[in-house]
Amino acid sequence: MEYQDLLVEVHDKVALIRLNRPKAMNALNDNMMNELGDAFAKFDKDPAIHVIVLTGSEKAFAAGADIAAMKDYTYQDTYRDNYIGRNWEHILKVRKPVIGAVAGFTLGGGCELAMMCDFLIAADSAKFGQPEIKVGVTPGAGGTQRLPRTIGKSKAMDMLLTTRMIDAAEAERIGLVSRVVPAASLIEEVLKIAQGIAQMPVSVAMQIKDCVNRAFETTLSEGVNYERRLFHAGFGTPAQREGMYAFLEKRTPNFEGL
Ligand code: CAA
């Protein structure tokens, strides 16, 4: 897979996608978002891939939507051509786990894209912010919705209205990221985490992702009901048999192909 604004690598069962517009701090433009949608779709379909990692560079995961590209847009252009909706949200259709590995500036649309990953591991250099108000617009890729759900109203309002950047330690404290690791070992650490998940039965990993995402779209009792149906449906599957028998036989389970 050859792209202009992305670099892709495969490490065993893990695909690594790097946003790659170094001259523009990985600002997110149409071409990059089209390519990202293409890469996600291909890896999601590929049975050899169990987990996808999305990362940027040491300097920037992404410093937002490309301001140069959108500076002269009109309402008609953006509405008619479905700006953002047309190509930013392919990541939400990915059924396999997607881990965001973030370092450096993770701002505006970059922070919003990061929040569309299933979970985030941050380098200690990461800085998160929603500075859209400074360029005269509201966030447009879910920042006003995912931030308060993730870090609460007060912190979200603070970031969105003051444009204050938060560092990795604060991001971990408030639950925006799950772990912080030294910048120099970010990719190594995230690949280790991804390889661990890749050893689990991929079908169950996909079901867990599906259930967790359901929590944001439905009531608690409906969400638990959905989870219970999938839990019941798991009995008698090869993954359940292998996992439980391996535990009782005191051996490592082999979930290959499950
Ligand atoms: N769009 C386009 N180009 C960008 C960019 C962006 N979002 N962010 C950085 N760049 C470009 C700069 O224009 C600059 O290009 P040139 O070398 O050609 O001048 C290059 O990247 C390097 O940037 P700086 O010289 O500014 O680097 P710095 O280290 O001094 O500052 C920064 C880094 C704090 C990230 C600063 O670049 C910045 O504030 N960027 C804009 C952040 C922003 O406002 N993001 C929100 C965009 S709107 C949005 O995302 C809408 C949405 O919700 C979907």
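Author: Contact here means heavy atoms within 4.5 Å. The model is predicted, with local features needing pLDDT of at least 70, side-chain atom pairs counting only at pLDDT 80 or more, and totals for chains, interfaces and linings using all residues. Residues are numbered from 1 along each chain as its sequence is written, and side-chain values use heavy atoms, with hydrogens and water left out.

Reader: What does L19 touch, not counting residues up to four places away in sequence?

Author: L19 touches D5, L6, N26, L28, M32, L36, L54, T55, G56, F61, A62 and L113.

Reader: Which residues touch the most other members of the largest nonpolar core?

Author: They are L19, L54 and F128, in a core of 47 residues. Helix α1 (residues 30-45) gives this core its largest share, six residues. A nonpolar core is a set of buried Ala, Val, Leu, Ile, Met, Phe, Trp, Tyr and Cys residues joined through side-chain atoms within 4.5 Å; buried means under 20% relative accessible area (1.4 Å probe, protein chains only). L19, L54 and F128 are core members, so by this definition they are buried.

Reader: Why is the approach of A65 to the ligand called a polar contact?

Author: A polar contact is a pair of N or O atoms within 3.5 Å. A polar backbone atom of A65 is 2.9 Å from an oxygen atom of the ligand, so the pair meets the cut-off.

Reader: What makes the contacts of A63 and G140 polar?

Author: A backbone N or O atom of A63 lies 3.0 Å from a ligand nitrogen atom, and one of G140 lies 3.0 Å from a ligand oxygen atom. Both pairs therefore fall within 3.5 Å.

Conventions:
A polar contact is a pair of N or O atoms within 3.5 Å; within protein, one must be able to donate a hydrogen and the other to accept it, and residues adjacent in sequence count only if both atoms are side-chain atoms. Buried means under 20% relative accessible area, exposed over 50%, partly exposed in between (1.4 Å probe, protein chains only). Helices (H or I, at least four residues) and strands (E, at least two) are DSSP runs, numbered from the N terminus.
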